[in-house]
Amino acid sequence: MTARGTSAQGNTGLTSARVRQRMVERVRELGIRDPRVLAALTAVPRHLFVDAALASRAYDDCALPLGHGQTISQPYIVARSAELALGAMVAPKTARVLEVGTGSGYAAAVFAQLFGEVFSVERVRALHERARVNLRPLRLATVRLAYGDGADGLPADAPFDAIIAAAAGVEIPPCWAQQLAPGGVVVAPVGEEQQQLSVLSKDRHGQWTCRRIEPVRFVPLLSGVIAA
Ligand code: SAH
């Protein structure tokens, strides 16, 4: 599955494949070495996921505002989360992955390049609907968007080989662990002011381990939904 850099906004200098490649180089310099992840970042035109007014900054490696007090994830963080999930998988191309916090849909599009099926849940209805519009031109048949409180996971579609969160809770909700397939992992930021990107996994003997990877800064995981 590939996504090409054509869009309604055109293939101008600021949104061209070359600028995107520079962003990927920057992410590589920050330590992301998995070629599958770098190829996925190269394939997804991030400018389709930001406001037209911000398109010129779409390939800076930073978070950008989405409205509703939320931000599109920083490419490095999307890449790091994907790399950590991939590291735990034997067969990513058949893996079922849940993303909590669809936001713009950008990370879901990146994950769709790497995993078999991507479910993504968002609690703000307006963002959920915009993500659907943002994703449409990419025709990613394996991405399924859901509107709801991802703190509950997505029980109807469980089990998942990985649950990747784009919002930080004070702890990893126990139901996420319950919705993992054997050998599955949760990749999630944990904490309030001080957050750590964390990986929760269950080994063959049913033993849970939680590894702290690095300090990060995500928006909070909130409960309930916003219907407006
Ligand atoms: N991955 C997104 C980043 C979005 S920011 C992107 O690439 O654009 C995090 C998102 O998590 C926000 O849109 C926020 O509304 C959402 N969120 C926060 N708590 C949530 C919850 N309990 N369930 C679902 N989504 C949640």
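Tutor: A residue is called buried when its relative accessible area is under 20%. That cut-off will serve us throughout this predicted model.

Student: Which residues of helix α5 are buried?

Tutor: In α5, which spans residues 125-135, they are Leu127, His128, Ala131, Asn134 and Leu135. They cover an arc of only 120° around the axis, which places them on the same side of α5.

Student: How should one read such spacing along a helix?

Tutor: An α-helix has 3.6 residues a turn, so residues three or four places apart point the same way.

Student: What do the buried residues of α5 pack against?

Tutor: Their partners are the strands β1 (64-67), β2 (70-72), β4 (117-122) and β5 (143-147), together with helix α4 (106-112).

Student: How are α1 and α2 oriented to each other?

Tutor: One begins with the axes. Those of α1 and α2 come within 9 Å and cross at roughly 150°. Angles over 145 degrees count as roughly antiparallel, and α1 is therefore roughly antiparallel to α2. The contact involves Arg20, Gln21, Met23, Val24, Val27 and Arg28 of α1, which meet Leu38, Leu41, Thr42 and Ala43 of α2. The crossing is right-handed.

Student: At what angle do the axes of α2 and α3 cross?

Tutor: The axes of α2 (residues 35-43) and α3 (residues 75-87) cross at roughly 140° and come within 10 Å. These two helices are therefore classed as oblique to each other. Here too the crossing is right-handed. On the α2 side, Arg36, Val37 and Leu41 make contact with Pro75, Ala79, Ala82, Glu83 and Leu86 of α3.

Student: Which residues of α2 are buried, and what do they pack against?

Tutor: Val37, Leu38, Ala40, Leu41 and Ala43 are the buried residues of α2. They pack against α1 (17-29), α3 and α4.

Student: Which backbone features merit attention?

Tutor: Most residues other than glycine have a negative phi, and most peptide bonds are trans. In this structure, phi of His68 is near 55° and phi of Arg139 is near 50°. His68 belongs to the loop between β1 and β2, and Arg139 to the loop between α5 and β5. A cis peptide bond, with omega about 5°, joins Ala158 and Pro159; Pro159 lies in the loop between β5 and β6 (160-165).

Student: Why is Arg139 classed as exposed, and why is His68 classed as partly exposed?

Tutor: Arg139 counts as exposed because its relative accessibility is 72%. His68 counts as partly exposed because its value is 46%.

Student: Where does pLDDT stay under 50?

Tutor: It does so over residues 1-10, whereas the mean for the chain is 92.

Conventions
Residues numbered from 1 in each chain as written. Predicted model: local features only at pLDDT ≥ 70, side-chain atom pairs only at ≥ 80, totals over all residues. Heavy atoms only, no water. Buried < 20%, exposed > 50% of the residue type's maximum accessible area, 1.4 Å probe, protein only. Helix = DSSP H or I, 4+ residues; strand = E, 2+ residues; numbered from the N terminus. Arc of directions from axis to C-beta. Contact = heavy atoms within 4.5 Å. pLDDT = per-residue confidence, 0-100. Axes fitted to C-alpha atoms, helices over the stretch in contact; angles between N-to-C directions. Parallel < 35°, antiparallel > 145°, perpendicular 65-115°, else oblique. Left-handed = near helix turned anticlockwise from the far one by under 90°.
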